[in-house]
Amino acid sequence: MKITFTGAAREVTGSRHLLEINGQQILLDCGMAQGHRAEADAHNRNLPFDASKLAAVILSHAHIDHCGTLPVLVQNGFTGKIYATPATHDLTEYMLLDSAHIAQADADFWSKRHPNAEPIKPIYTQDDVSRTMSLFHDIEYDTPTDILFDIRLTFYDAGHVLGSAMIDLEFSEPSKDETRRFVFTGDLGRPGMPILRDPAKIEETDFLMIESTYGDRLHDHYDLVGEQLADIIKRTAARGGKVVIPSFALDVFEKHFECFDEEMKLIWLANKENPFGFGKLRYAKTVEESMAIDSSSMPSVVISASGMCESGRILHHLKATISHPKNTLLFVGYQAEGTLGGRLRDGAREAKIFGEMYPVKAEVIPLDAFSAHADYQEIENWMHGMKIKDSIFVVHGEEKSELALMNRFTEEKKAPHVFAPKEGESFDI
Ligand SMILES: [Zn+2]
């Protein structure tokens, strides 16, 4: 078996890992790189492998940095199957259609501003998305399935977002006549969070590829987060301002009861209605509705995508709110280096939105306790008692957090070999 790291190696976004098992090529995730525009764009449009030679793609979950460039594979001749859980399948369709829509809107906006220049081509279109969705093949959690010659795939709940899965591959080593196991955590969730189940336990594997978004950090206690959030909202409302929350907003929860934890199932059954539609929640579907929020002087909480403030309606809400001290910008999700969200979180005094600079006067608050990623202590707890017979690959973290987790695993002798691979690096294993 051979593994090549072609994304999310020493960085968080653009997850894309190429496996070759007994002559068959499989891609784990095909995500969009974000931040540092030109670099990310090159990563997203150009594939460092021949897509037509891929036998299959396995998708861990529907976040855009894991699924966002699947249509680029299809443009480049990929015709194999894309394996995912049913909830990930559903969510991915929304994510990719939205992404195609944003790409088209960006291209139109650019052409309007530069009428004499060569127009830019959107990375993919709604048609590319339809072709991509026709390749999906659903596999439920905990259901071992033979996907290719001598390769068996099982999804386990990763407890990260709706439908999120760890990818477990079993295959044989012909020369040794023994079975080997390769487990990829995808993005690893946290125990005890509401709505979703805790990440499933893995007892034993030969290879573990693990994410490290918070590989060098600990989250605040989740118990206190309700009070913290209430304080932030009350304080902002008292100033007559808005709380703007960039979010990796995913809906279609109602369709996937099977993904909920026991507590959530009980709440749902007791209420016999959608717990996400509580009294004061309003969905702003049209652009006009979103614009009405911006022009209203009523205090409110605005939850809007994209989560790292790179695209989508959040940019309009930021433009309308960021330069006034009565408002609050609240970060509840991870902000990658090089994204607008990352710069604001790190205290930028100015924000560039649609090509213009705006002074940052709003209160900016990061609240990590809501994070859907395990911190290093939660990763350690999840790995407790796990037997790793060969190697650990640490991926999906900024360089310092990947290295911190690698060093920790090495010191604790979690496996005979521990690596934090670099982009483009290959390992024969
Ligand atoms: Zn994720």
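In the predicted model, Phe-419 is buried, because 21 other C-beta atoms lie within 10 Å and the threshold for a buried residue is 20 or more. Phe-419 belongs to strand 19, which spans residues 417-419. When residues up to four places away in sequence are left out, the contacts of Phe-419 are Ser-391, Phe-393 and Val-394. A further aromatic residue, Phe-409, is separated from Phe-419 by ten residues in sequence, with a C-alpha to C-alpha distance of 9.5 Å.

Val-394, a contact of Phe-419, also figures in the largest nonpolar core. This core contains 102 residues, and those touching the most other members are Val-57, Ile-58, Tyr-83, Ile-167, Ile-392 and Val-394. Both domain 1 (2-216 + 372-428) and domain 2 (222-369) contribute at least three residues to the core. In soluble globular proteins, nonpolar side chains tend to be buried together. The surroundings of Ile-58 were examined with residues up to four places away in sequence again excluded; Ile-58 touches Ile-26, Leu-28, Tyr-83, Leu-153 and Ile-167. Two of these contacts, Tyr-83 and Ile-167, are themselves listed with Ile-58 among the core residues that touch the most other members.

The division of the chain assigns residues 2-216 and 372-428 to domain 1, and residues 222-369 to domain 2. A distance of 26 Å separates the C-alpha centres of domain 1 and domain 2. At the contact between them, 24 residues come from domain 1 and 21 residues from domain 2. The side of domain 1 that touches domain 2 is made up of twelve nonpolar, nine polar and three charged residues.

An open sheet is formed by seven strands, arranged in the order 6-5-4-3-2-1-20 with mixed pairing. Strand 6 (136-138) and strand 20 (426-428) occupy the edges; each has a single partner strand, and therefore one side of each has no neighbour in the sheet. On average, and with direction ignored, neighbouring strands of the sheet are turned by 20° against each other. Strands of a sheet pair through backbone hydrogen bonds, either parallel or antiparallel. Within this sheet, strand 2 (residues 17-21) and strand 3 (residues 24-28) are paired in the antiparallel sense, and five bridges join them. One of the bridge pairings links Ile-21 with Gln-24 of strand 3. Ile-26 and Leu-28, whose positions fall in strand 3 (residues 24-28), are among the contacts of Ile-58.

Definitions and conventions
Residues numbered from 1 in each chain as written. Predicted model: local features only at pLDDT ≥ 70, side-chain atom pairs only at ≥ 80, totals over all residues. Domains from an automatic or database assignment. Contact = placed C-beta atoms within 7 Å. Nonpolar A, V, L, I, M, F, W, Y, C, P; charged D, E, K, R; others polar. Pairing = 2+ DSSP bridges. Helix = DSSP H or I, 4+ residues; strand = E, 2+ residues; numbered from the N terminus. Axes fitted to C-alpha atoms, helices over the stretch in contact; angles between N-to-C directions. Core = buried A, V, L, I, M, F, W, Y, C linked by C-beta atoms within 7 Å. Buried ≥ 20, exposed ≤ 12 C-beta atoms within 10 Å, placed from the backbone.
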